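I opened the model and kept notes as I went. The entries below follow the order in which I looked things up.

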Amino acid sequence: MKLFSSLMETMNDPQRWHAVTVHWPIVLGVLGLPMLVALWLLIAARARQATPVLRWITVVFYVLAMISAIVAERSGDHAVDSSLADIEITEEAADALSHHREMAEKAWLFFAGTALLTAATAVGKIGRAHV
């Protein structure tokens, strides 16, 4: 019961929730790298029977990373809005926050691009799909 109340407390605190959500895209992105490398090696070896399952698992993995990056970005916006609304920050801190926000706005694009490029490996050289 204590775990459940702690989780609910975390979800209701914007800064804590952001700290939790921001780590998922990082974890998914790093864990997806071995799948990408394995897929590239299988494609290079022309192991067509082995690639479809790995390809689509990798695509789903990076779509989940993309969604988690969007959630993390939005939770960050909410955390900033709730914690910095009534305080002044230094110009240096504002610049760092701005850079952090810009990077967050682009993170989902990396994951979306990776998912799309991985899915594109299903298309053969002459346009025929080989699943």
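**Entry 1: Thr114**

I began with a single residue, Thr114, and asked whether it is buried or exposed. Its relative accessibility is 12%, so Thr114 counts as buried, because the cut-off for buried is under 20%. The model is a predicted one, and I kept that in mind for every value here. I looked up where Thr114 sits and found it in helix 5. Leaving out residues up to four places away in sequence, I found Thr114 touching Leu36 and Tyr62. I noted both partners for later entries.

**Entry 2: the whole chain**

I then stepped back to the overall layout. I counted five helices and zero strands in the protein. Along the sequence the pattern reads α-α-α-α-α. The protein has 131 residues, and 27% of them count as buried. I also looked at contacts between residues at least 6 apart in sequence, and 72% of these join residues at least 24 apart.

**Entry 3: helix 3 and helix 5**

How is a pair of packed helices described? The angle between the two axes and the distance between them are what is given. For helix 3 (residues 23–44) and helix 5 (residues 91–120), I noted an angle of about 25° and axes 12 Å apart. Angles under 35 degrees count as roughly parallel, and helix 3 and helix 5 are therefore roughly parallel to each other. Their crossing is left-handed. On the helix 3 side the contact is made by Pro25, Gly29, Leu36 and Leu39, and on the helix 5 side by Phe111, Thr114 and Thr118. Thr114 from my opening entry is thus one of the contact residues. By class, I wrote down four nonpolar residues, three polar and no charged.

**Entry 4: helix 3 and helix 4**

Next I took helix 3 with helix 4. The two axes come within 9 Å and cross at roughly 160°. Angles over 145 degrees count as roughly antiparallel, so helix 3 and helix 4 are roughly antiparallel to each other. Helix 3 passes helix 4 in a left-handed crossing. I noted 19 nonpolar residues in this contact, with five polar and one charged.

**Entry 5: the nonpolar core**

Which residues touch the most other members of the largest nonpolar core? The core has 14 residues, and the answer is Tyr62 and Phe111. Helix 3, helix 4 (51–83) and helix 5 each supply at least two residues of this core. Helix 4 gives the most, with seven residues.

I followed Tyr62 further. Setting aside neighbours within four places in sequence, I listed its contacts as Gly29, Gly32, Leu33, Leu36, Phe111, Thr114 and Ala115. Thr114 and Leu36 are both in that list, and Thr114 also touches Leu36.

**Entry 6: Leu28**

I checked another residue of helix 3, Leu28. Its relative accessible area is 14%, so Leu28 is buried. Beyond residues up to four places away in sequence, Leu28 touches Phe61, Leu64, Ala65 and Ser68. Leu28 and Tyr62 are 34 residues apart along the chain, and their C-alpha atoms are separated by 7.3 Å.

**Entry 7: helix 2 and helix 3**

I then looked at helix 2 (residues 14–21) beside helix 3: the axes come within 4 Å and cross at roughly 0°. That makes helix 2 roughly parallel to helix 3. Ala19, Val20 and Thr21 of helix 2 meet His23, Trp24 and Pro25 of helix 3 in this contact. The classes are four nonpolar, two polar and no charged. Pro25 is also in the contact of helix 3 with helix 5.

From this contact I picked Val20, which is found in helix 2. With a relative accessible area of 36%, Val20 is partly exposed. Val20 and Ser75 are 55 residues apart in sequence, and I noted a C-alpha to C-alpha distance of 9.5 Å.

**Entry 8: Ser83**

My last residue was Ser83, which lies in helix 4. Is Ser83 buried or partly exposed? Its relative accessibility is 33%, so Ser83 counts as partly exposed. I also noted Pro14, 69 residues away from Ser83 along the chain, with 8.3 Å between the two C-alpha atoms.

Key. Residues numbered from 1 in each chain as written. Predicted model: local features only at pLDDT ≥ 70, side-chain atom pairs only at ≥ 80, totals over all residues. Heavy atoms only, no water. Axes fitted to C-alpha atoms, helices over the stretch in contact; angles between N-to-C directions. Parallel < 35°, antiparallel > 145°, perpendicular 65-115°, else oblique. Left-handed = near helix turned anticlockwise from the far one by under 90°. Contact = heavy atoms within 4.5 Å. Nonpolar A, V, L, I, M, F, W, Y, C, P; charged D, E, K, R; others polar. Core = buried A, V, L, I, M, F, W, Y, C linked by side-chain atoms within 4.5 Å. Buried < 20%, exposed > 50% of the residue type's maximum accessible area, 1.4 Å probe, protein only.
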